[in-house]
Amino acid sequence: MGRGWRILVSVLFWALLFKFSRTETNLALTRPSSASSSYSTNGAQAGNDGNTDGSFLSGSCFASANQDSDPWWQVDLQATFMVKRIEITNRQDCCPERIHHISLVLFDQNPSVEPLTPAKPCYFISGTDPAPTVTVTCTRPVNGRYLRLTKTQQLDIYDLLQFCEVKVYGWLTYDNSLCSSFQQTRGARYDAASILTQGPEIDSSAACASTCERVRVCTGFNIRYKPEVTCELVQDSNPTSLDVDAAWDFYLYKSCWNPCVIS
């Protein structure tokens, strides 16, 4: 069976599932998952196997390796969905406070294979949240096929990316171009008087996007990573004239209007 047929079968499967199911469906359940590293033999699949046991010894919790300085976990939803809500089951037998500085980002293509595919920030968990279940709603509507959780800041080598289950809820969409959230332009900067520079606590593109989403007049942002992360919020209604600058990336907010979904 060719790739096109596999995609069609997957879309039809989800369409029928949504049509006849009266309850919310966990889109991530047993879908293919991967990670930058794994602390144990549990592997990435432990993060979406349907088991919400909060004990690591149960074999159903995921954790990145100690030496991983840029840990991430990812699930392939195998179709394009408008994501409504994400639930993260926290580890309860040790260190639930490790849920912090985690970006939740969607992609249309696998970023491990296509690193230039545009990132679509859903939410950024900035502070520590030791609750048994951490529930987040995308700050603005966003769709995609691949959901990636990345820990952007670690206190030490033992501050791992860890959780026991990730559940994703939303709607199947016909077209992955319906919603782009933030559209990235690499090596470019918007230079205008209406820019607000953020403080040093903004340490990633996900954190900068999350800040922009909370500012009603924000239409995008510039971000530079070296020598330190600098986030600049843009307030112009039509920021289209960009300066070429390899040190910066520009993200333009794109609204989602009347998404065509299967219900």
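Hi everyone, let me start with one tyrosine: Tyr39 has a relative accessibility of 47%, so it counts as partly exposed. Before I go on, please keep in mind that this is a predicted model.

What does Tyr39 pair with? Its partner is Phe56, and the two rings sit edge-to-face, with 6.0 Å from centre to centre and 80° between the planes. Both residues belong to the loop between β1 (33-35) and β2 (62-63), and the pair links parts of the chain that are 17 residues apart. Phe56 is at 12% relative accessibility, and because the cut-off for buried is under 20%, Phe56 counts as buried. That leaves us with a pair made of a partly exposed Tyr39 and a buried Phe56.

Now to a second pair, Phe221 and Tyr251. Stacked or edge-to-face? This one is stacked, with the ring centres 4.7 Å apart and 15° between the planes. Phe221 comes from strand β11 (residues 220-224) and Tyr251 from strand β13, so the contact ties together parts 30 residues apart in sequence. Phe221 has 0% relative accessibility and counts as buried, and Tyr251, at 4%, counts as buried too.

Those are two examples; how many aromatic pairs are there by this rule? The count comes to five. There is also an aromatic cluster, formed by Phe62, Trp73 and Phe163.

While we are on rings, let me show you two arginines. Arg148 lies over the face of Trp72, 3.6 Å from the ring centre. Arg189 does likewise with Trp248, where the distance to the ring centre is 4.8 Å.

Last topic: the largest pocket, which holds about 680 Å³ of space. Which residues come closest to its centre? Of the 26 that line this pocket, they are Ala119, Thr150, Ser205, Tyr225 and Tyr251. You have met Tyr251 already, as the stacking partner of Phe221.

Where in the fold does the lining come from? At least two lining residues each are supplied by β4 (102-107), β6 (133-151), β9 (181-189), α2 (205-214) and β13 (243-254). As for its chemistry, the lining divides into 10 nonpolar, 10 polar and six charged residues.

If you take one residue back to your desk, I would suggest Tyr251: it is buried at 4% relative accessibility, it stacks with Phe221, and it is among the residues closest to the centre of the largest pocket. Thanks for listening!

Technical notes
Residues numbered from 1 in each chain as written. Predicted model: local features only at pLDDT ≥ 70, side-chain atom pairs only at ≥ 80, totals over all residues. Heavy atoms only, no water. 1 Å grid on protein atoms, 1.4 Å probe; cavity = no way out; pocket = protein on both sides within 12 Å on 5 of 7 lines; lining within 4 Å. Points joined across faces, edges and corners; volume = space filled by probe spheres on them. Helix = DSSP H or I, 4+ residues; strand = E, 2+ residues; numbered from the N terminus. Nonpolar A, V, L, I, M, F, W, Y, C, P; charged D, E, K, R; others polar. Phe/Tyr/Trp six-rings, centres within 6.5 Å; stacked < 30°, edge-to-face > 60°. Buried < 20%, exposed > 50% of the residue type's maximum accessible area, 1.4 Å probe, protein only. Lys NZ or Arg CZ within 6 Å of the ring centre and 35° of its normal.
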